[in-house]
Amino acid sequence: MYVELITNKPVERFLRMFILSPRTVEELVIVSPIIGMLRGGVSVSMQRVVERINREHIRTYVITNEPSSDYPSHVQAVATLKQSDFTEIRDNEFLHAKVYICCIKDGGFALLGSGNLTETSIQRRIEIGVVIFRRGKGIPLFQELSRWGLERLRCSRGSNLIKRITPRR
């Protein structure tokens, strides 16, 4: 199987797959207009995500809306992600898409769905998503989604660089 429909907490499912994957993650892409700290009642916190990014030096690309005082958790989550030397952060005022991509050598998985990376989306909203695995017939779709997130969206109108990846040598 190369695709799977997720009707129960698709964003949390993606995050658990990322955190629990025993394989080496090469890149992580987070495309979500709003990002939260993912605390109470969510099985994977933003802090845990950043800890894995830092521990394994995972190149991480985040595209989100500009943080605003209207969403304090979004401001805090972006600040937490900024602390990692391995994250690039861009904001895009036109962003509405929600895509999450985990690139693993000779594999990977992506979630395309309706859910933001927030506690509200995970706990209280009815969300849906499709996980695409980078295998078999899923390879071309996974590659196109990766190109869209890593190349086209990052370089598109309205995408502003906030922070570069700055790994220490």
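**Exercise 1. Classify C155 by its accessibility in this predicted model, and place it in the chain.**

*Step 1.* The relative accessibility of C155 is 66%.
*Step 2.* A residue counts as exposed when this value is over 50%.
*Step 3.* C155 is therefore exposed.
*Step 4.* As to its position, C155 belongs to the loop that runs between α5 (138–153) and β8 (159–163).
*Step 5.* The C-alpha atom of C155 is separated by 9.8 Å from that of R90, although the two residues are 65 residues apart along the chain.

**Exercise 2. Examine the backbone of K9 and H57, and state what sign phi takes in each residue.**

*Step 1.* Most residues other than glycine have a negative phi, and this is the background for the comparison.
*Step 2.* K9, which is not a glycine, has a positive phi near 50°.
*Step 3.* K9 sits in the loop between β1 (3–6) and α1. Its relative accessibility is 34%, so K9 counts as partly exposed.
*Step 4.* H57 is likewise not a glycine, and its phi is positive, at about 55°.
*Step 5.* H57 follows α2 and lies in the loop between α2 and β3.

**Exercise 3. Determine which residues of α2 are buried, how they are arranged about the helix axis, and what covers them.**

*Step 1.* The buried residues in α2 include M46, V49, V50, R52 and I53.
*Step 2.* Viewed down the axis of α2, the buried residues fall within an arc of 160°, so they line one face of the helix.
*Step 3.* The cover over these buried residues includes α1, β2, β3 (59–64), α3 and β4 (87–92).
*Step 4.* V49 illustrates the packing: with neighbours within four places in sequence left aside, V49 is in contact with L15, F18, I19, L28 and V44.

**Exercise 4. Describe the nonpolar cores, beginning with the largest.**

*Step 1.* In soluble globular proteins, nonpolar side chains tend to be buried together.
*Step 2.* The largest nonpolar core here holds 34 residues, of which F18, L28, M46, V49 and L117 touch the most other members.
*Step 3.* Two or more residues of this core come from each of α1 (10–20), β2 (25–31), α2 (46–56), α3, β5 (99–104), β6 and β7 (129–133).
*Step 4.* Among the contributors, α1 provides the largest share, namely five residues.
*Step 5.* There is also a second, separate core of 14 residues, and I63, I101, L145 and L153 are among them.

**Exercise 5. Characterise the largest and the second largest pocket by volume, lining and residue class.**

*Step 1.* The largest pocket encloses about 250 Å³ of space. It is lined by 14 residues, of which I34, T118, E119, T120 and S121 are the closest to its centre.
*Step 2.* Helices α3 (72–82) and α4 (119–123) each contribute at least two residues to the lining of the largest pocket.
*Step 3.* By class, the lining of the largest pocket comprises four nonpolar, seven polar and three charged residues.
*Step 4.* The second largest pocket has a volume of about 180 Å³. Its lining is formed by M17, S21, R23, I104, D106, G107, G108, F109, F133, R134 and R135.
*Step 5.* Strand β6 (residues 107–113) gives the most to the lining of the second largest pocket, three residues in number.
*Step 6.* The lining of the second largest pocket divides into four nonpolar, three polar and four charged residues.

How values were computed: Residues are numbered from 1 along each chain as its sequence is written. This is a predicted model: local features need pLDDT of at least 70, side-chain atom pairs count only at pLDDT 80 or more; totals for chains, interfaces and linings use all residues. Side-chain values use heavy atoms; hydrogens and water are left out. On a 1 Å grid over the protein atoms alone, a cavity is a set of points where a 1.4 Å probe fits but cannot get out, and a pocket is an open set with protein on both sides within 12 Å along at least five of seven lines; lining residues have an atom within 4 Å of a point. Grid points are joined across faces, edges and corners, and a volume is the space filled by probe spheres set on the points. Helices (H or I, at least four residues) and strands (E, at least two) are DSSP runs, numbered from the N terminus. Ala, Val, Leu, Ile, Met, Phe, Trp, Tyr, Cys and Pro count as nonpolar, Asp, Glu, Lys and Arg as charged, and the others, Gly among them, as polar. A nonpolar core is a set of buried Ala, Val, Leu, Ile, Met, Phe, Trp, Tyr and Cys residues joined through side-chain atoms within 4.5 Å. Buried means under 20% relative accessible area, exposed over 50%, partly exposed in between (1.4 Å probe, protein chains only). Contact means heavy atoms within 4.5 Å. The arc is that of the directions from the helix axis to the C-beta atoms.
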